[in-house]
Amino acid sequence: MHFLPDQASTFAGHVDALYLFLIAVTAFFSLLIGVLVVVFAIKYRRRSADEVALEVHESGLLEIVWTVIPFVIVMVMFFWGASVFFRITRPPSNAIDIYVTAKQWMWKLQHTDGRREMNELHVPVGQPVRLTMASEDVIHSFYVPAFRFKRDVVPGRFSVAWFEATKPGKYHLFCAEYCGTRHSNMIGWIYVMTPADYEAWLAGGTPGETLASAGAKRFVENACNTCHGEQKGARGPSLNGLFGRAVRLQNGQTVVADEAYIRESIVNSQAKLVEGYPPIMPTFQGLISEEGLLQLTAYIKSLSPAAAASAAAPAATPAPERMSTKP
Amino acid sequence: MTNENAPHAPRVGARANYLNASYGVRSWLLTSDHKRIAVMYLIGVTVFFAIGGLAAALIRLELLTPAGDVFQAETYNKIFTTHGIMMVFFFMIPGIPAVLGNFLVPLMIGAKDLAFPRINLLSWYLYIIGGLTALWAVVHGGLDTGWTFYTPYSTVYSNGWVVVTAVGIFIAGFSSILTGLNFLVTIHTMRAPGMHWTRMPLFCWGMYAASIIQILGTPVVAITILLVGAERLFHLGIFDPAQGGDPVLFQHLFWFYSHPAVYIMILPAMAVISELVTAFSRKPIFGYKFIAGSSIAIAVLSFLVWGHHMFVSGQSVYAGLVFSVLSFLVAIPSAIKVFNWTATLYKGSVSYQTPLLYALGFIGLFTFGGLTGLFLACLGLDIHVHDTYFIVAHFHYIMVGGTIMAYLGGLHYWWPKISGKMYPEYWSRVSAWVIFIGFNLTFFPQFIVGYLGMPRRYHAYPEEFQVLNVMSTAGASILGIGYLIPLVYFIWSMRYGQDAADNPWGATGLEWETPSPPPTENFPETPVVTGIAYDYLTGKEEAAVG
């Protein structure tokens, strides 16, 4: 029987090392307490009904010792755990973008070239993959045990996360957050391929319309271009080169234009007003599907080719909680 | 100890006690005697435990095979929801405080009753009404949200009886608040002369700490659950992202109570263990002040760790760091307790009677359960094990291996006082062993299957997880039998058991100064306390009555 799942991502080795360290600590202290309890219980067992205990004086020193030692050990765990966490939450800049839509009870995964997959995702080995995820209904969670990777997909926001596969193979994709009746059927497979196989896979089949061009169509359909155009004196700010750039707001704050910002500016346009523009944009809350929002985001990202490729990093910290980003 | 207090001493004639003081259903349903109310709670929590346990048995039955072949998916989801709601809200939270705490707090501090006897009875009614309301929902089709009610599933998508169940939990919450209030006021104002804070039994310290959480935390979950109901009925849009609400806000509010609630379950259990370890070692507890202080430290820190339930929810990295470090810190007072219990056995006069067997089982299982909690406080590791069977195993080690072992240990220890009868020692030792073995076989494999990646709340699962699930189901069968044995002999003992001596264990503590079972007024005259708690060595009584 196996005790560890496959190690198929750059996280897996780090997480498992941490796991083994915690197992060692757990085993040591469980055995220590277990052995002491058993030894004391046998050695000091009551031999006659009226036997009394021996006097043991309390020891302040002993109390300090067994407070400080656990403290030191848990601090080691904390810093080690935090360093692994930072690795998992900071996507590198050269990642392939995958757009994920979760809904009861399926995963829809889209490549930037327009290729769509259902409950399956093909990725190359040795290349970071950046996921921009949205949910159409309840909270889901994208979980690949072999990657030691999990991220909740919360409706009403984009969840951005990443992984890099290291070993070709076929691995479970699970929904880890309970999402209703067929929760345990919301599963799929991640196919990790060698670069050559991946190229072959990409070449086969018709990719369809790219996400960015689908987004461009929606941009016109929703009449976004009437204000966010390139003409002089446009009523809204230009979106060229926006993604990954710092934006100055009317209240004097500065935010980096990441996926979360773009999404919020579409559905709740008054939340963060750009300096120098009047608050005239209507809200699109409920008017554009999650998929549409992903397409629009992909389109707006494509207007900043340099940023989308290289400056993705600052935008890559996990989408901050909406509560905490409000002024 | 005098001869009169020797174990199993026969008693002449039946003295007036709280059980025979009056007869008839009315005399129970309208009682304000904390001891009778405790017995009524005992019946209540046993019924809800049985329902929750039956649901657990059905869960394990379904998980025997990988395919979802015993129940429909929706039925399975309703079953695990029923299991969680019954066990958490109607067994674990009231369990030790409302049964043992109700019976013992006044006895231990030398009081005639709790500060507000009629409010105590009201608490019981609220508990029963809340429980029956939730049960009504279960019987009429149930609900499938899980006991955690995560939004927007619970507010928009679920078809179950969410609002009815929420009302049931809301009502029962007031029972918990009022019990906590009653204990706090009683401990502050009704201690017998000479019962200084530092002479108070550690059981009362644990109840005190748990009561603080009950009073401060429960209103938050009451409001939260009310918001869920209101959002479902009136579409307020607080948690619904389609209306600009925030589903993660619900998680913050819910865990702000529900993580401290874990300590409402475990602090009283620790309090029981402190009593058992010292009584069966015949030795003062090692580190009294550290154990008492650690209870308060746990109660305070418990309110600052809720965010560790949300490491993968998109909470900010910095919030994650803060919640991680605080979660690690809350482990330290627990470790202090374990070390002090172990040190109490050292050079003791250790007698392996049933309550001690349960207590030693508790120490082992709680230690292991507590250490595996560190895995979940650890940011990088929690990302993998969050929402898998690893966490299911962890919290069952704390709640079942910890709280239920302590509850049963306490019940065996104080049963002679509660019922005036002895249970069969042989069978009670058997039950302690069967439960310990069955428990480990049930839940240890779940750590492994969890790390291998099996998510919780899965109706069907991939075949490679089957071996470990079969082990778990086998263990659950043994565990189930282990729980039935005490149920049988406790009931048996009420009719056929030997009469219990006033102090069958030769223990200190004011509760053992009273007859078994105690008279309605507990103490004919207010006792005066002249020494420390657990004064086994000087040979004199801790307190002189009169």
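1. In this predicted model, chain B and chain A meet through 78 residues of chain B and 82 residues of chain A. Eight helices of chain B each supply at least two residues to the side that touches chain A: α3 (73-109), α5 (153-157), α8 (247-281), α10 (317-329), α11 (331-345), α12 (354-377), α13 (379-385) and α15 (425-451). The most comes from α12(B), which gives nine residues. Sorted by class, this side of chain B holds 47 nonpolar, 24 polar and seven charged residues.

2. One of the helices just named, α8(B), can be checked for length. With 35 residues at 1.5 Å a residue, α8(B) should span 51 Å, and its end C-alpha atoms are indeed 51 Å apart, so the two values agree. The helix nevertheless has a kink of about 35 degrees, centred on Trp255(B).

3. Is α8(B) mostly covered or mostly uncovered? Of its 35 residues, 33 are buried, so to speak of the helix as mostly covered is fair by the cut-off of 20 or more other C-beta atoms within 10 Å. After α8(B) comes Arg282(B), which has a positive phi, near 45 degrees.

4. Another helix of chain B that touches chain A is α3, and Gly95(B) is placed in it. Why does Gly95(B) count as buried? It has 28 C-beta neighbours inside 10 Å, and a residue is buried if that number is 20 or more.

5. The contacts of Gly95(B) reach residues well outside its own stretch of sequence numbers. Setting aside neighbours within four places in sequence, Gly95(B) is in contact with Val45(B), Thr403(B) and Tyr407(B). As for Gly44(B), 51 residues separate it from Gly95(B) in sequence, while the C-alpha to C-alpha separation in space is 9.4 Å.

6. In chain A, there is a helix pair to look at. Helix α4 (residues 211-221) of chain A packs against helix α6 (residues 290-302) of chain A at an angle of about 105 degrees, and their axes are 7 Å apart. Because angles of 65 to 115 degrees count as roughly perpendicular, α4(A) is roughly perpendicular to α6(A).

7. Which residues make this contact? From α4(A) they are Leu211(A), Ala212(A), Ala214(A), Gly215(A), Ala216(A), Arg218(A) and Phe219(A). From α6(A) they are Gly292(A), Gln295(A), Leu296(A), Ala298(A), Tyr299(A) and Ser302(A). By class, the contact of α4(A) with α6(A) has eight nonpolar residues, four polar and one charged.

Key:
Residues are numbered from 1 along each chain as its sequence is written. Chains are lettered from A and ligands numbered from 1 in the order in which they are written. This is a predicted model: local features need pLDDT of at least 70, side-chain atom pairs count only at pLDDT 80 or more; totals for chains, interfaces and linings use all residues. Two residues are in contact if their C-beta atoms, placed from the backbone, lie within 7 Å. Helices (H or I, at least four residues) and strands (E, at least two) are DSSP runs, numbered from the N terminus. Ala, Val, Leu, Ile, Met, Phe, Trp, Tyr, Cys and Pro count as nonpolar, Asp, Glu, Lys and Arg as charged, and the others, Gly among them, as polar. Axes are lines fitted to C-alpha atoms, for helices over the stretch in contact, and angles run from 0 to 180 degrees between N-to-C directions. Angles under 35 degrees count as roughly parallel, over 145 as roughly antiparallel, 65 to 115 as roughly perpendicular and the rest as oblique. The expected span of a helix is 1.5 Å times one less than its number of residues. The bend at a residue is the angle between axes fitted to the seven residues ending there and the seven starting there. A residue is buried if 20 or more other C-beta atoms lie within 10 Å of its own, exposed if 12 or fewer, and partly exposed in between; C-beta atoms are placed from the backbone.
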